[in-house]
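The following account explains how the parts of one protein model fit together. Please keep the sequence and the three-dimensional view at hand while reading.

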Amino acid sequence: MASIFLISDTAKIEISPELGGSILAYDAKLHDKFLPILRNSHQTRTVLESSCFPLVPYSNRIKHGEFNWQDKSYKLPLNHLPEKHSIHGHGWQLPWEIVHQSDKSLTLEYHYQAAEWPFTYSAQQVFTLKESSLNIELTLVNHSQSKMPAGLGLHPYFSLTNETSLKCSVESMWAVDNESMPTTSGKAPKELASSEGLLISKSHLDNVFTGFSGAAIITWPEWKAKADITSSSNCKFIVVYSPEGQSYFCLEPVTHSTDAINMSNDGVNSTGIMTLKPREKMTVSMCISPKET
């Protein structure tokens, strides 16, 4: 699989169009050495071991791959067995085509023809490196003749040290069952909004947070470094995934809650699921800006 590299004096990024349009590495020069802002996945051949991948045309899980839309019932394939639910959409499991490439930017696209997901659409990713900051823009266009349920997000895997902390403003957190499906909405850990932030190595999460302000700060005290994370205003949700015993954690800006179509059908308000009319598009973005502390 041929990788593409975006390089500046202070950062280097490796991207694999073939492997789900994923990032394989993102290193930034801080205190005169390159540090892995995202986990290093140079040698991986598995998207779920990459550094970041796109979530399109929906994020997270659809319960049992089943949903009702516009008075019709649909059954999606379970695309990550033994996972019991359809997960992360299609983009992460399809090759992307190169549309434009330069030293500091890359545009990728793929086109999906209606199948089990009964809507035809296209998706585009634009990666832009400016000094040490990486911006990713993800766009979805409905090419069907009918309205399509839609959602977008990004799934970065940030490097995790013993003292890594996360600070951000959110309103609430969905508790989950043993299959990571939402059960009840409650309070988020108060440490997230504290001056010290939430210590990730002691927090084992796989939860959706609502009311995300669009800004977060990840701090690596051992490296004397941090990263400012900003996302587009339509990413009102984040997923934080911090499995025990790993050297990474995920902070995923997304436009909707887990299982949002079904939750909305069940009367849950503000799930974030969008309706795209024929030829209508939606776009999300995330910027990662590493800095010395």
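The paragraphs below treat the sheet, a covered strand, the nonpolar cores, the cysteines, the enclosed and open spaces, and two individual residues.

The model is a predicted one. A suitable starting point is the open sheet, in which nine strands are arranged in the order E10-E11-E12-E13-E26-E22-E21-E16-E19, with antiparallel pairing. Its edges are formed by strand E10 (97-101) and strand E19 (198-199), each of which pairs on one side only. Within the sheet, strand E21 (residues 215-220) is joined to strand E22 (residues 225-231) by six bridges in the antiparallel sense. One register point for this pair is Ala215, which lies opposite Thr230 of E22. As a general matter, the strands of a sheet pair through backbone hydrogen bonds, in either a parallel or an antiparallel manner.

Attention may now turn to strand E24 (residues 248-254), where seven of the seven residues are buried. Both of its faces are covered: Tyr248, Cys250, Glu252 and Val254 are buried on one side, and Phe249, Leu251 and Pro253 are buried on the other. Strand E15 (residues 153-159) runs antiparallel to E24 and is connected to it by four bridges. In this pairing, Ser159 has Tyr248 as its bridge partner in E24. Strand E23 (residues 237-241) also pairs with E24 in the antiparallel sense, over five bridges. Here Tyr241 is positioned opposite Cys250 of E24. The hairpin of E23 and E24 has six residues between its strands, and Gly245 takes a positive phi near 80° in that hairpin.

The residues of E24 lead to the nonpolar interior. The largest nonpolar core has 70 residues, of which Trp117, Phe158 and Leu251 touch the most other members. Phe158 illustrates the packing: apart from neighbours within four places in sequence, its contacts are Ile37, Leu38, Arg39, Ile218, Trp220, Ile229, Ser247, Tyr248, Phe249, Leu251 and Ile288. A second, separate core has 14 residues, among them Val47, Phe53, Trp92 and Phe237. In soluble globular proteins, nonpolar side chains tend to be buried together.

Which cysteines form disulfides? The structure holds zero disulfides. For Cys235, the nearest cysteine sulfur is that of Cys52, 12 Å away, and Cys235 is in no disulfide. Cys235 is also buried, its relative accessible area being 2%. The sulfur of Cys250 lies 8.9 Å from its closest cysteine sulfur, in Cys52, and is therefore too far away for a bond. The cut-off applied to a pair of cysteine sulfur atoms is 2.5 Å. Cys250 has a relative accessible area of 0% and so counts as buried.

The next topic is unfilled space. The whole structure contains two cavities of 30 Å³ or more, and the largest cavity has a volume of about 50 Å³. Its lining consists of Asn60, Arg61, Trp174, Val176, Ser180, Pro182, Asp206, Asn207, Val208, Val239 and Thr258. Strand E17 (172-176) and strand E20 (206-210) each supply at least two residues of this lining; E20 gives the most, with three residues.

The largest pocket holds about 250 Å³ of space. It is lined by 15 residues, and those closest to its centre are Arg61, Ile87, His88, His155 and Tyr241. The strands of the preceding discussion reappear here, for E15, E23 and E24 each supply at least two residues of the pocket lining. Arg61 takes part in the lining of the largest cavity and is also among the residues closest to the centre of the largest pocket.

Two isoleucines complete the account. Ile4 lies in strand E1 (residues 4-7) and is buried, with a relative accessible area of 6%. Not counting residues up to four places away in sequence, Ile4 touches Ile13, Glu14, Ile15, Pro17, Ile98, Gln101 and Leu106. By contrast, Ile4 and Trp223 are separated by 219 residues in sequence and by 27 Å in space, C-alpha to C-alpha.

Ile23 is located in strand E3 (residues 22-30). Is this residue buried or exposed? At 1% relative accessibility, Ile23 counts as buried, because buried means under 20%. Beyond neighbours within four places in sequence, its contacts include Ile13, Leu38, Ser50, Cys52, Phe127 and Ile136. Ser50 is 27 residues from Ile23 along the chain, yet the C-alpha atoms of the two are 6.3 Å apart.

Definitions and conventions. Residues are numbered from 1 along each chain as its sequence is written. Side-chain values use heavy atoms; hydrogens and water are left out. Two strands pair if DSSP finds at least two bridges between them. Buried means under 20% relative accessible area, exposed over 50%, partly exposed in between (1.4 Å probe, protein chains only). A nonpolar core is a set of buried Ala, Val, Leu, Ile, Met, Phe, Trp, Tyr and Cys residues joined through side-chain atoms within 4.5 Å. Contact means heavy atoms within 4.5 Å. On a 1 Å grid over the protein atoms alone, a cavity is a set of points where a 1.4 Å probe fits but cannot get out, and a pocket is an open set with protein on both sides within 12 Å along at least five of seven lines; lining residues have an atom within 4 Å of a point. Grid points are joined across faces, edges and corners, and a volume is the space filled by probe spheres set on the points.
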